[in-house]
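Q: I'd like a close look at one part of this model: the surroundings of the ligands. Please walk me through it as one connected story.

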Amino acid sequence: MQQSTIQFQSPSTPHPQRGNWRVEEVEALFALPLMELVFRAAEIHRQFFDPSRVQLSTLLSIKTGGCEEDCGYCAQSAHHDTPVEDQPMMTVDEVVAAARTARDNGATRFCMGAAWRGPKDADLAKTLEMVREVKALGLETCATFGLLKDGQAERLKDAGLDYYNHNLDTSPEKYADIIHTREYNDRLDTLGKVRTAGLSVCCGGIIGIDETRRDRAGLIAQLANLDPQPESVPINQLAKIEGTPLGDAAELDWTEFVRTIAVARITLPASFVRLSAGRRGMSEAAQALCFLAGANSIFYGDKLLTTGNPDVEADRQLMQKLDLLPLESPADISEGDN
Ligand code: SAM
Ligand code: DTB
Ligand code: SF4
């Protein structure tokens, strides 16, 4: 592998922003002939990244179920009657054991999720120990704990957190159909706190929630206009959960997922675009087209938070078939690595 042409981004590298993306411009990208769209995205991908490398993140739900928010897609909301049972917070030892397994399987980032509106200070204190110990294993650390209050992002940063995941989920117009217990601006406020604390931002959304293509374009425009742009952009396809308001959402054609990945790559050229929830129902060929269209990160591990993901072994085989290599370690994305 020739490393000399590779320009990896690091959290300390300022993220480029083209300017203000209008929703109409993003919609026009979605409307391109699919092959043209994928080709343009692939060209941009190669300008910013080594297209043969895929970043591997493993997820763990450290506190499952019983969430007071009413997100219409979520298995963990106390507002919906779903098959997911509430569970107490995991112990530090349990979390560290899971992180060690993830590392030994080849993941470079470990993302801890909690079904909270936001962390209470006492709960946050327990998570800080998890962050410290996971970081000490040599993994990048990521947390997704909901809305943050003043000072909480700084405490996470001091404990060794690298990334905070907090999604905008959908367009501002669609948002109120899906979530009624917190507002779009609450999310923007938390993203601002994360940025100010010096954490890297992981922010994306969810598609297949009966949104229109204009909503998908509205989501991408919002993400692309964040300044600086998020370092990591997860694109989730709805995992339909029985008992949720979106349990029988209309099926989204796989080509629309590919288009969303490609448009994210074009508008967020230096961000890692993560092919997130929804891979289990996707053919290997569709995933390959997503990688060509600029996806360069996946959730890797048999489980997401409450739903399944392709098996580790299946993903190893897929990457081998596609001649894709894992991003080996956080050191691989250091500035000026050439
Ligand atoms: N409670 C925290 C929060 O909402 O910020 C963190 C966890 S929450 C599960 C993180 C994200 O996962 C959501 O914003 C949504 O984009 C995605 N997600 C949740 N349930 C999903 C589902 N059933 N299918 C696909 N993505 C989902
Ligand atoms: C993100 O954007 N996707 C992940 C992570 N951030 C926390 C969550 C996906 C959840 C899929 C449904 C489930 O497993 O419950
Ligand atoms: Fe709670 Fe997060 Fe699920 Fe919303 S997505 S119900 S905040 S766990």
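**Around the ligands**

A: Start with ligand 1, where a nitrogen atom lies 3.2 Å from a backbone N or O atom of Ala114, a polar contact (a pair of N or O atoms within 3.5 Å). Bear in mind that this is a predicted model, so local features need pLDDT of at least 70 and side-chain atom pairs pLDDT 80 or more, while totals for chains, interfaces and linings use all residues, and side-chain values use heavy atoms, without hydrogens or water. Residues count from 1 along each chain as its sequence is written, chains are lettered from A and ligands numbered from 1 in the order written.

Back to ligand 1. Tyr73 joins in with a polar backbone atom 3.1 Å from a nitrogen atom of ligand 1. On the side-chain front, Asp169 puts a polar atom 2.7 Å from an oxygen atom of ligand 1. The protein covers 89% of the 560 Å² of accessible area that ligand 1 has on its own (Shrake-Rupley method, 1.4 Å probe). Altogether 17 residues surround ligand 1 (a heavy atom within 4 Å). Thr144, Asn167, Asp169, Arg182 and Ala239 are the closest of them. By class, that shell splits into nine nonpolar, six polar and two charged residues (Asp, Glu, Lys and Arg are charged; Ala, Val, Leu, Ile, Met, Phe, Trp, Tyr, Cys and Pro nonpolar; the others, Gly among them, polar).

Now for ligand 2. Thr144 and Asn167 turn up again here, as part of the ring around ligand 2. Among the other residues in that ring are Leu59, Pro234, Asn236, Ala277 and Phe299. The run Leu304, Leu305, Thr306 and Thr307 also belongs to it. Thr306 has a side-chain N or O atom 2.6 Å from an oxygen atom of ligand 2. Leu305 works through its backbone instead, with an N or O atom 3.0 Å from an oxygen atom of ligand 2. Asn165 deals with a nitrogen atom of ligand 2, which is 3.1 Å from an N or O atom of the Asn165 side chain. On its own ligand 2 exposes 410 Å², and the protein buries 88% of that. The shell of ligand 2 has six nonpolar and six polar residues, with no charged ones.

Then there's ligand 3. Tyr73, which touches ligand 1 through its backbone, is also one of the residues around ligand 3. Arg182, among the closest to ligand 1, is there as well. Three cysteines, Cys67, Cys71 and Cys74, sit around ligand 3 along with Glu69, Ser77, Ala115 and Trp116. In class terms the shell of ligand 3 is six nonpolar, one polar and two charged residues.

So where does this all happen? The whole structure has three cavities of 30 Å³ or more (sets of points, on a 1 Å grid over the protein atoms alone, where a 1.4 Å probe fits but cannot get out). The largest cavity holds about 840 Å³ of space. It is lined by 37 residues, with Tyr73, Cys74, Gln76, Asn167 and Leu305 closest to its centre. Ligand 1 sits in this largest cavity (more than half of its atoms within 2 Å of the grid points). Ligand 3 sits in the largest cavity too, and the space taken by ligand 2 is again the largest cavity. As for its lining, 19 residues are nonpolar, 13 polar and five charged.

Technical notes:
Polar contact = N/O pair within 3.5 Å; in protein donor to acceptor, adjacent residues only side chain to side chain. 1 Å grid on protein atoms, 1.4 Å probe; cavity = no way out; pocket = protein on both sides within 12 Å on 5 of 7 lines; lining within 4 Å. Points joined across faces, edges and corners; volume = space filled by probe spheres on them.
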